[in-house]
Amino acid sequence: MTDTIVLDEPLDTFEEQALPATRVRGYWQSVFYRLRHDPVTLAFAAIVLLIVWAAIFAPLIAPFDPYKESIVGRLKPFGWRGHMLGTDELGRDMLTRLLYGGRVSLLMGVVPVLIASLIGGMLGVVGGFAGGRTNTAIMRMMDVFYAFPSVLLAVAIAGAMGGGMANGMLALTLVFIPPMCRVAETATTQIRSLDFIEAARATGARTTTIIRYHVLGNVLGPVFIYASSLISVSILLASGLSFLGLGVRPPIPDWGLMLSTLRQSIYVVPLVCALPGVAIFITSICCNLVSDGLRAAMGVRM
Amino acid sequence: MGKYILRRVLYAVPIAFGVSVVCFSLVYIAPGDPLQTVMPPDATAETIAIVKHAYGFDKPLPVQFLIWLGRVVTGDFGMSISTRRPVILEVSQALSNTALLAMFAVPIAFFIGYVMGAVAGSYAGSWIDRVVTGAAVVGVSLPNYWLGIVLVILFAVQYMLLPATGMGPHGSTSFDLLQWSNAKFLVLPVITLAMIPIGILARTTRAAVAEVRNQDFVQTLRAKGLTEWAVTRHVLKNSLPQVMAVMGLQFGYLLGGSILVETVFTWPGSGFLLSKAIINRDVPVLQGTILTLSLVFVTTNLIVDLLQSLVDPRIRRA
Amino acid sequence: MAPSNFLILRRPRRGRLEGRTALAQRFLTVLVLALSSATAQAGGTLTVGMTAGDLPVTTGNPDQGFEGYRFVGYNLYDSLVLWDLSQPEKATEIKPGLATEWQVDEANPKRWIFKLREGVKWHDSCDFTADDVVWNLAYSTNDKAPQFNPAQFAQARSYLGNFAGVEKIDDHTVAFDTKVPDSLWPYEISYVPMISPCRANEVNYNWTEYALRPSGTGPYRYDRAVPHQRLEFVPNTEYWDKTRVPKQDRLVLIPMPEASTRTAALLSGQVNWIEAPSPDAIDRLKAAGMQIVTNVYPHNWTYQLNFVAGPFADKRVRQAANYALNREDMKELLNGLMLEGYSTVPPSTPYYGHPLLYKYDPEKARALLKEAGCLPCTVTFAISTSGSGQMQPLPMNELVKSQMEAAGFEVALETMDWNALTAVAREGIDKYPQYSAINVSRQTQDPFNALIRHVWTTAWAPKGSNWGHYSNPEVDKLIGQIFGEFDPAKRLALLTKLNETMNEEAALIFVAHDLNPRGLSPKVHGFVQAQSWFQDLTPVSVEP
């Protein structure tokens, strides 16, 4: 459906007559157009934004202190004395712990993907653009890390380094660099051989300029989409690490760690103990659906 | 064709070497002295020096690596520090237990995922597609270990239909698949493990089916007068290779990435062995397990690649 | 579990039954299985879910803490002196085991004469003699002896601190020499199981192989093991104590370090006995008809302190830590399953006395810290995730941390596996100076292990259990008097004085005494819970 210009009066000036009959829509405009007409993706994107907002503003909106314990108020069900979502095994408010836990879990979900996109993307572009020996060298190195199943590699690195939030993030970053690199390299290789790059080179443009203006714009799309699909994986992996005791240490709230510590109390208040799992699930599925929607809108085939 | 196979296999060798380097160095990036774990309790400086020399810890790192590599290639992974059994024995037993899980999880995931994806792909864009795709997304978004815990509470504790932990009523060494009293231990771990592959396979199948349907030959088939069902059969047949490739990869992935599910169910597999080795800082088992699991993954990938190129000569990655 | 499956004939591999002989064979097998299964119903199989992370070693002194002794050490093996586990109303005392009587040598107070039991056979049918005792002590102490086992040396070290030598007097009498006169020696030797030199020789001192074929004199024989998964024992029908031949048919031990796994296993019927159920699951277990048994026992959930480096070298800081704790809250955390701990031993101990009690007073704690110039006071605790006697270490430590931090401390918790933590405890602060305290629960069953080993200079780790190298000449003198006092009444007064001194010195952080909860299936009968870390499993039977 293109926008046409409706003519009420005949065109008079030369400028008007030179205008195209239809308005051409740019790439990004069409992306936003498609998104605007995709209510499902928009809805889930709104939820993701809500979760992020809640995590960022946790200190302001949380009703209680996430570290304040109350032995009397342990393992209470929904709604007990103002605790909307109950209390955990040490009497701390679950809603507050979930909000604060969201900060840690989202951080461990987004930061590794971000850093991996930067580093992996850079390596991929460099390798794809340079081609030949450089490309082979870089991709071989990546292949070595590709040889490890992601869970195994994350657990091995985090376990070897002794656990903790920083080590967990490091482990996840290392796990995501090879796939990001491969995506960027594939996209770059496809672009590199296209005619307009040859043309740019023929006009004497420097390599960095070519990369900046032509390559990046085209590579960014696939990289962004792939990164957005990795966020959910990262959140799940991070929670798995915490569940195994290789992530953050108590009493820092974190959804995976909370799942582990609440396991014993599951007979007392099963619904409360299931909450961290629900939080992980909702965040993860929303990120996945938004990523899917973005992919459809951007027309990227992976 | 033969040259391609040879090239592909040879290519795997430097990968395997790189993998071994990574495994070896994992131990040394760890904080603390790896020697601590092998030392007798109250060793004097003299004893420490002797043991250091015996284990070769006094040699430069690259030399240590080569010695270790040499032993590994002959199958000597050393002795477990906690149990004093040969590591190769521990790893192979554990791996076979995990393989048992994967052998059930992957076909189940394939059947369910393929059907889901085929349905979704055939009715691409309709509400059926959305529902099925939604279900697949649920599969990959749920923390599977959490699902495992919930299943245990429901089926083991609440309804007492299935066991809660372990592998078999007499342990893994006398596990008899043909008896229900043994096989029922498989049910919950397999379901839990299959969850993510179902989602992945459903999505892959859907994408493959939708893509194949858009190809020209489908229109041709319709023009020739084939029924919709016959056309669908053709479509499914053509989308099969892609999906089988992913299935093969999932098998390798499950072998290496089963640690969370095995921890929840105390299934004595390779993931469980790994988590114990991390806790006990049992360095030889750690190195041996990671090396074995990643080499299995590399081999699985290689086989999948080769099979794919056999089935469809168009698919030949450089 | 046994009845339902033997009726399902295994699908023959070749697909067809071959001939009548095969059919007859099959019928016979089924018949035999049916009969043996029928007799198997008499005693039943006791399947235990332990808190240990792995199977305890079977080479003598077990690892995995006292749970190892409880299920393996005292089942496969006997010591010269055993514990009387048949009277639940009294604190346990020692009784004759492989030795029938003992007394200190009149002429030499550093020498104990033990008369050994006659007619005892090892599981491998060799006879038990005095030579075996001498062999065993060399096995765990003499590094020049061919049978020396360094792993056993590490395990036995804390009990043989005072051991100087052993000598065979005749085939059924041995004499022990101690470093100092030691009136408590019989207690110490009770923790040293005797393994069979016959079997050890058979396997040429290959301890890995011995572990798969252990031989002792105990009420149970080793049957099979699946590494990391299960250990199975069967009754020793020739046991020398006819009242303690096991009534069940089979004892299966399964490591289950996670409380939620143990609870699920008991509720689903996979095991019929679990150690230390999570306090929050007790109501659910009771609702399902499980028996929850508890009893006070000589247990101390505590922190041993670093007296050399770090804030706890200052007595005021130690007292502050004690004042900071709200033990009533801790009891609530555990659903009432503990006794508030204000001293090293529970109040029911004969030598409890009237120690200085550090009742909850956070202001006083803060004032003490200020006085000591340590505010905030940074400390690092080494803790475990589970383990024998550790109760619910993670939530309990979190609670301690928050209570201490409210009083002016800054607490860092370093979590590790139980076996790793016991290794830290064995090595002492020389090897682990970074920890201010370790959270290792201690048994207080006998005076040496209850009090002396925490504060005696001679017991400095790694030689003994004085982890933090506490040293006080007054205390050492008092201990010397205790060792030299062979009159029980006078010794009791001295022990009381020692307990009171330890409180005054705030030699530990006193927190709690466990009540030893266990969960049993309603089909388990005959169990009597003694006031001890060890339990007698032999009278237990399991109905089908």
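Two strands are taken to pair if DSSP finds at least two bridges between them. Helices (H or I, at least four residues) and strands (E, at least two) are DSSP runs, numbered from the N terminus. The structure is a predicted model, in which local features need pLDDT of at least 70 and side-chain atom pairs count only at pLDDT 80 or more, while totals for chains, interfaces and linings use all residues. Residues are numbered from 1 along each chain as its sequence is written, and chains are lettered from A and ligands numbered from 1 in the order in which they are written.

Confidence was examined at the level of the complex and of chain C. The predictor assigns the complex an ipTM of 0.83 and a pTM of 0.82. Mean pLDDT (the predictor's confidence in each residue, from 0 to 100) is 88 for chain C, and 92% of the residues score at least 70. Among the elements of chain C, helix α1 (residues 3-6) has the lowest mean pLDDT, 35, and strand β17 (residues 437-438) the highest, 96. Residues 1-18 of chain C have a pLDDT below 50; beyond near neighbours in sequence, this stretch has 19 contacts in the model. Residues 29-41 of chain C also fall below 50, with nine such contacts. Contact here means that the C-beta atoms of two residues, placed from the backbone, lie within 7 Å. Where pLDDT is low, the predicted coordinates should not be read in detail.

Chain A is helical. Its secondary structure comes to twelve helices and zero strands. A residue is buried if 20 or more other C-beta atoms lie within 10 Å of its own, exposed if 12 or fewer, and partly exposed in between, with C-beta atoms placed from the backbone. By this rule, 49% of the 302 residues of chain A are buried. Of the contacts in chain A with a separation of 6 or more, 69% come from residues 24 or more positions apart.

Chains A and B meet through 31 residues of chain A and 34 residues of chain B. On the chain A side, α6 (132-146), α7 (150-161), α10 (207-243) and α12 (270-298) each supply at least two residues. The largest share, eight residues, comes from α7(A). By class, this side of chain A has 19 nonpolar, nine polar and three charged residues. Ala, Val, Leu, Ile, Met, Phe, Trp, Tyr, Cys and Pro count as nonpolar, Asp, Glu, Lys and Arg as charged, and the others, Gly among them, as polar.

A nonpolar core is a set of buried Ala, Val, Leu, Ile, Met, Phe, Trp, Tyr and Cys residues joined through C-beta atoms within 7 Å. The largest such core has 239 residues, of which A:Ala154, A:Val155, A:Met180 and B:Leu201 touch the most other members. Leaving aside neighbours within four places in sequence, A:Met180 is in contact with eight residues named here in full: A:Ala116, A:Ser117, A:Gly120, A:Gly121, A:Gly124, A:Val223, A:Tyr226 and A:Ala227. Apart from the largest core lies another, of 74 residues, including C:Phe307, C:Tyr358, C:Leu421 and C:Leu508.Chain C contains an open sheet of four strands in the order β4-β5-β7-β6, with antiparallel pairing. Strands β4 (99-104) and β6 (163-170) stand at the edges with a single partner strand each, so one side of each is left without a neighbour in the sheet. From one strand to the next, the twist averages 20 degrees. Five bridges join β4(C) to β5 (residues 111-116) of chain C. Here C:Val104 stands opposite C:Trp112. Another five bridges link β5(C) to β7(C), and C:Ala175 in β7(C) is the bridge partner of C:Ile113. Strands β6(C) and β7(C) share six bridges and are joined by a hairpin through two residues. C:Asp170 has C:Thr173 in β7(C) as its bridge partner.

In a regular strand the side chains alternate between the two faces of the sheet. In β7(C), the covered face holds C:Val174, C:Phe176 and C:Thr178, and the uncovered one C:Thr173, C:Ala175 and C:Asp177. Helix α4 (residues 130-141) of chain C packs on the sheet and touches β5, β6 and β7 (173-178). The direction of this helix makes about 160 degrees with that of β6(C). Axes are lines fitted to C-alpha atoms, for helices over the stretch in contact, and angles run from 0 to 180 degrees between N-to-C directions.

Elsewhere in chain C, C:Trp301 lies in strand β13 (residues 299-305). C:Trp301 is buried, with 24 other C-beta atoms within 10 Å. Beyond its neighbours within four places in sequence, C:Trp301 is in contact with C:Gly341, C:Met391, C:Ser441, C:Val511, C:Ala512, C:His513 and C:Asp514. C:Trp301 and C:Glu340 are 39 residues apart in sequence and 9.9 Å apart in space, C-alpha to C-alpha.
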